[in-house]
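Here are some short exercises to work through with the structure on your screen. Try each task yourself before reading its solution.

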Amino acid sequence: MIMDWRIIVPLLAVSFAAECASMPGGTIDADLNDRGVKNALEFAVVEHNKRTNDMFVWQVSNVVEAKTQVVAGMKYFFTVKMARTQCKKGGVETACSVNNDPQAAAAYECSFEVWSRPWISDIRLLKNTC
């Protein structure tokens, strides 16, 4: 029985993609309810706020994509929408809501890459691109 290459090639591509997704060291979709994922994103946002010159705190308004990768530790990759809150830096920054005025909220997209090695209490923001 001879199979048509138009059938074989897509089947091989799907098989290869499925195999790569489960390979050690490959990235996989992150579970946003996972404590490690939450901690990494929170760390990235805190570091981002430290590096901005804005007098207001920024927070994640939407997670576009979140992935993890097992390395010597864990890498987290986030693409998020950030929005300005009503809280000023240096004040109480725990219960901040996004500014109601869309122009004041000034949302923009950021990519964060976080590397965590919790057994040595080490976490680093490797990429902060907005």
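**Exercise 1.** Which residue in S2 is the bridge partner of Thr27?

*Solution.* Keep in mind that you are looking at a predicted model. Start from Thr27 and cross over to S2: the bridge partner there is Gln69. Next, look at the pairing as a whole: S1 and S2 run antiparallel and are joined over three bridges.

**Exercise 2.** Find the order of the strands in the open sheet, and work out which strands stand at the edges.

*Solution.* First, trace the five strands, whose order is S1-S2-S3-S4-S5, with antiparallel pairing. Then look for strands with a single partner strand: these are S1 (27–29) and S5 (122–129), so each has one side without a neighbour in the sheet. From one strand to the next, the twist averages 30 degrees. Finally, add helix H2 (residues 35–51), which packs on the sheet and touches S2, S3, S4 and S5. The direction of H2 makes about 135 degrees with that of S2.

**Exercise 3.** Decide whether Trp58 is buried or exposed, and describe its surroundings.

*Solution.* Begin by locating Trp58 in strand S2 (residues 56–71). Its relative accessibility is 4%, and buried means under 20%, so Trp58 counts as buried. Now list its contacts, leaving out residues up to four places away in sequence: among them are Val45, His48, Met82, Ala105 and Tyr108. Then check the side chains, where a polar contact of 3.3 Å joins Trp58 and Asp54. As a last step, compare sequence with space: Trp58 and Cys96 are 38 residues apart in sequence, and their C-alpha atoms are 9.0 Å apart.

Note on methods
Residues are numbered from 1 along each chain as its sequence is written. This is a predicted model: local features need pLDDT of at least 70, side-chain atom pairs count only at pLDDT 80 or more; totals for chains, interfaces and linings use all residues. Side-chain values use heavy atoms; hydrogens and water are left out. Helices (H or I, at least four residues) and strands (E, at least two) are DSSP runs, numbered from the N terminus. Buried means under 20% relative accessible area, exposed over 50%, partly exposed in between (1.4 Å probe, protein chains only). Contact means heavy atoms within 4.5 Å. A polar contact is a pair of N or O atoms within 3.5 Å; within protein, one must be able to donate a hydrogen and the other to accept it, and residues adjacent in sequence count only if both atoms are side-chain atoms. Two strands pair if DSSP finds at least two bridges between them. Axes are lines fitted to C-alpha atoms, for helices over the stretch in contact, and angles run from 0 to 180 degrees between N-to-C directions.
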